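Let's take a walk through this one together, a piece at a time. Keep the viewer open and turn the structure as you read.

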Amino acid sequence: MGKSENLLQGTLDLLILHALQRGAMHGYAIAQTIHLLSDEVLTVEEGSLYPALSRLELDDCISSSWGASENNRKAKYYRMTARGKKILASRQKSWNRLSGAVQQVLAQ
Amino acid sequence: MNSLRRTVRKLLRRPKLQGEMEAELAHHRELSTQNGNRISLGNVTSIKESALDPWRFVFIENIWRDLLFALRSVRRNSAYTITAAGSLALGIGVCTAMFTILNAVDLRPLPYAYPQQLVWVTQVLKANSTDELTLTPDFLDWRDGNRTFQHLIAYNEYTRSLTGVAEPIEVHSVKASADLLPLLGITPFLGRNLPQTADLAGQERVALLSYPIWQSRFAADTSIIGRPIRLDGEQYIVTGILPQSFLFPGAEQVDIITGLGKNEAGELARDGKVFTIVRNVIGRLKPGVTNGQARQDLTAIQAHLPLPPWRPTITIKLLPLRDHLFGNAKVTGIVLVGGSLIFLLIASANVASLSLVRLMQRDRELAVRRVLGAARARVISQLLIESSMLAGFACAIGVFIAFAIRNLLVAFGPYGLSIYGNLPIDLRVIVFASTLLILTILIFGMLPALRMSDFHLGEAVAAGQTSITGKRHNLRLLSIASAVEIAIVIALSSSAALMLKSFWNMRYKNLGFESQHAIAVTLNLGSSRYADKNREFSFINQLLDRTAAIPGVEAVAVTLASEIPPGEGHATNIVRIEGRSLAANSRQKALQRGQEVNASYFKVLRIPLLEGRLLRDSDRANSPPVVVVNNQFARRYFPGESALGHRLQTGESENTWYTIVGVVGDVKTSGLAAYPEPVVYTPYGQSDGARLRDLGLVISSALPVASIAPEFRTIVAALDPEQPVAAIESIDHRLNASVSRPRFTANILFTFSCFGVLLAIIGVYGVLACRTRVQIREIAVRQALGAQRTAIISNVLADALRLLIPGLLAGISLALVGNRLISSLLFEVKPGDLTLLATVCAGIVVAAFAASFLPAFRASGLDPLVSLRQN
């Protein structure tokens, strides 16, 4: 995510939660998902990803457990919790409102 | 609720997360490389740290880490730690101990109800002399006529013999008005207060027992109430027991209180048939009455009262009770606390300069921390934690020191502190100690920490500057502080040296006798049984014979209790010398101390015979009357001739002429601080026995008092079961006790000055260490240009001289002025004793030079290449 990370605080949390809607994933998969979904515009560095995951877990938005990965290696999988879903919904709503407003301003 | 859940989650989950994070990151990297992404450059440890940060209790953990680090650095620098913590601990300890005195005497309320209403009253009678006492009839008129007091009571103190118990003892007792307890707001622990009628003569035979005496002499027997006890052979009925916590409002604690017993009608008649005095009057003011109003009230009553026959002028003195009890102690307490606070301040300043020196040695470490991104606040907090730890440690030791020495202060302290038993350590003392702690942390922790973080250390390292002490004026401030310390220390040490020398002179010089192996015993034969001279002498003679037979006793001698060294008071007995007219002016009357002794007295105390012969056991009532005089007497009244053969008459026996048969050496019997006075020794066999009722024995024995005392008491009990032994103690003990006050002052001053010398040394060391550190480049360049080691050392020592000389000069002038203040306390020492002053100065100069050698050697031992490269 590079420099834009600081611009809108909390965006990364939103993106991670959104990615996890697709089901349980390990950290790398989350980063890749965001990368791909953004048409390779956004790159999530591990230096931002893991602190964010750790924070979300502490806030009880996601939970983690160890499982086997696609290449049969042990990996830590994150999945959304009920609280995470609620938070995602409310964050998405406010994001939509915010970005709509910004769009509207820029369009005039 | 939420935060609690988070805390629990943190505590439970975190240890596991810490282990997992590494594997997770490794997995991430592996996948990343496999998929051909570029390898991210992040530092694994740093990512781990920041990922785990939310799970941490950051604030507490940082403090904890700093504490651990501080502990490690404290252990590494044990010399620094011990010096710094030690001097702070002493400072805080001494301050706190002094404060407990001030607290007890000035701040803590007296242990009575509404203590601010309590006042002490006395008449001041001025005629030929000035006396502070109150005439009983006037007291009675005050008591009955005043409008400003709730209660007004009087009491007198007496030493009486308590008999009828297992072993007769002397007790400290008072005869007091029955209103004493209601006035103080005290109710007896058991039984009742004295009845009001006990104020009247004939009905005063009632007693209140103190809790300790009830415990120790009456086995805490509750049935004692209503039963009689014997005081000086008379029966008193016990009405009550005083509470355990009761403190008598006087200088000494009281064992027994009995009725005042005044013939009130007779006193008020003022016809001279009955006329007594009371020594202590205490009053409780009515609420809202001021001391001034009370004094006016009493003065108005006094104005209408007739004067006693000798027509003195009578004024009334009225003081708050606290001031009467502790007046001197309060001033002394304030002075001592003030003095010790200055010491603490100097100690803190010293420790601050020491910690600056240490910081300079660590500037690289701190700079590296800052460069690596430690926030300024973190560096400050780390330094503060280090100094707080040190100060906390010092404070703990300091309070312990205070706790230990406060009891010594009570034991040796000359003030009326015994009323409190132990000086209480209460909330006020603890608050005081904590304030000191915070103060010291602020002074010696905050200043260096702030200064330290103020500089851009990264730049400092790059530029090779020792930035911390870069500003010269800071060094100058330290130098001035150090010179002032030296001055104070010289003044203080010279006073201490004077006091020590004076104490030594007093206690050990020119005693005139040998105090080793001598035991003094005093008995008060005041009871009516010994009014008969024959009974008295038979008792004394039997006592002498049996005591001499105790195994281990070499000799026993009889004398007057008041004349056993160190003795007290001044000679007041008139002596008439044959062939000389008695001058009318009393100043020129020949005076002497009369002493009635037996032959072995001189042997027991090893008093040398100078001329003639000693007294003999054969000098009896029926043999020619003889006396022995001391050297002082012979020199004063027979200058230029021999005293032998002259005859004299003493005040006691005006009809007998005594022949002087011998002259002996002078003995200090007017107190150790006074010169020997003329003494006339009369054979006790030729005395009328009246003065011998204050009987004194001196026993010569190699055995300690503890093994003689029980034997002696058994003998007295066998001769007369009703007769108590007033005291039995070694003469050395008596001598030591008599100089407890100068000893206390000397000890305090000596301790302070030792502490001061230590501080001055630390101060000199700190300043010079700072200075050499600042000059390190200069020194290195000089070394590189060929300067010798000795040149570098002498350079640093010259710096030391620059501190010392102004300090010395100021100190000597301060000492010459200051020592005059204590001149009244000195014995056989002049305040301007230059040898002593020179010794003290020399000692301090040597100590200061020793302190400056360390930094000098360190500077000279540096490798110039290394120091140039480093800086």
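One definition before we set off: two strands count as paired if DSSP finds at least two bridges between them. Keep in mind, too, that this is a predicted model.

With that in hand, start in chain B, at a sheet you can pick out by its strand order. Four strands line up as β15-β23-β14-β24 of chain B, giving an open sheet with antiparallel pairing. At its edges sit β15 (553-560) and β24 (727-730) of chain B, each of which pairs on one side only. Ignoring direction, neighbouring strands in this sheet are turned by 20 degrees against each other on average. For a closer look at one of the pairings, go to β14(B), residues 518-524: this strand and β24(B) pair in the antiparallel sense over four bridges. A handy landmark there is I519(B), which stands opposite S730(B) in β24(B).

Now add the helices that pack on this sheet. Helix α16 of chain B, residues 533-548, touches β15 and β23 (694-701) of chain B, and the direction of α16(B) makes about 155 degrees with that of β15(B). Helix α19 of chain B, residues 705-719, also packs on the sheet, touching β14, β15, β23 and β24 of chain B. Measure α19(B) against β24(B) and the directions make about 155 degrees.

Next, stay in chain B but move to lower residue numbers. Which strand does β4(B) join through eight bridges? The partner is β5(B): residues 149-163 make up β4(B), residues 169-176 make up β5(B), and the two run antiparallel. If you want to find the register, N156(B) stands opposite K175(B) in β5(B). Together β4(B) and β5(B) form a hairpin, with five residues between them. Look in the turn for G164(B), which has a positive phi of about 85 degrees.

There's another pairing to trace from β5(B). Four bridges join β5(B) to β10(B), residues 256-259, and here the strands run parallel. The bridge partner of S173(B) in β10(B) is I256(B).

Step back and take in chain B as a whole. The chain has 25 helices and 24 strands. Of its 871 residues, 40% count as buried. Take the contacts in chain B with a separation of 6 or more, and 83% of them are between residues 24 or more positions apart.

Over to chain A. Its secondary structure comes to four helices and three strands, and along the sequence these follow the pattern α-β-α-α-β-β-α. The three strands form an open sheet in the order β1-β3-β2 of chain A, with antiparallel pairing. Here the edge strands are β1 (25-26) and β2 (62-68) of chain A, each pairing on one side only. Seven bridges join β2(A) to β3(A), residues 74-80, and the two run antiparallel. To locate the pairing in the viewer, find A68(A), which stands opposite K74(A) in β3(A).

What share of chain A counts as buried? Of its 108 residues, 31% do. As for contacts in chain A between residues at least 6 apart in sequence, 48% join residues at least 24 apart.

Finally, bring the two chains together. Here 13 residues of chain A are in contact with 18 residues of chain B. On the chain A side, α2 (27-37), α3 (46-58) and β3 each supply at least two residues. The most comes from α3(A), with seven residues. By residue type, this side of chain A divides into five nonpolar, three polar and five charged.

So where does α3(A) meet a helix of chain B? Look at α2(B), residues 44-52: the axes of α3(A) and α2(B) come within 8 Å and cross at roughly 25 degrees. Angles under 35 degrees count as roughly parallel, which makes α3(A) roughly parallel to α2(B). The crossing is right-handed. In α3(A), the residues E46(A), G47(A), Y50(A), P51(A) and S54(A) meet I47(B), S50(B), A51(B) and L52(B) in α2(B). The residues of this helix-to-helix contact divide into five nonpolar, three polar and one charged.

Definitions and conventions: Residues are numbered from 1 along each chain as its sequence is written. Chains are lettered from A and ligands numbered from 1 in the order in which they are written. This is a predicted model: local features need pLDDT of at least 70, side-chain atom pairs count only at pLDDT 80 or more; totals for chains, interfaces and linings use all residues. A residue is buried if 20 or more other C-beta atoms lie within 10 Å of its own, exposed if 12 or fewer, and partly exposed in between; C-beta atoms are placed from the backbone. Two residues are in contact if their C-beta atoms, placed from the backbone, lie within 7 Å. Ala, Val, Leu, Ile, Met, Phe, Trp, Tyr, Cys and Pro count as nonpolar, Asp, Glu, Lys and Arg as charged, and the others, Gly among them, as polar. Axes are lines fitted to C-alpha atoms, for helices over the stretch in contact, and angles run from 0 to 180 degrees between N-to-C directions. Angles under 35 degrees count as roughly parallel, over 145 as roughly antiparallel, 65 to 115 as roughly perpendicular and the rest as oblique. A crossing is left-handed if the near helix is turned anticlockwise from the far one by less than a right angle, and right-handed if clockwise.
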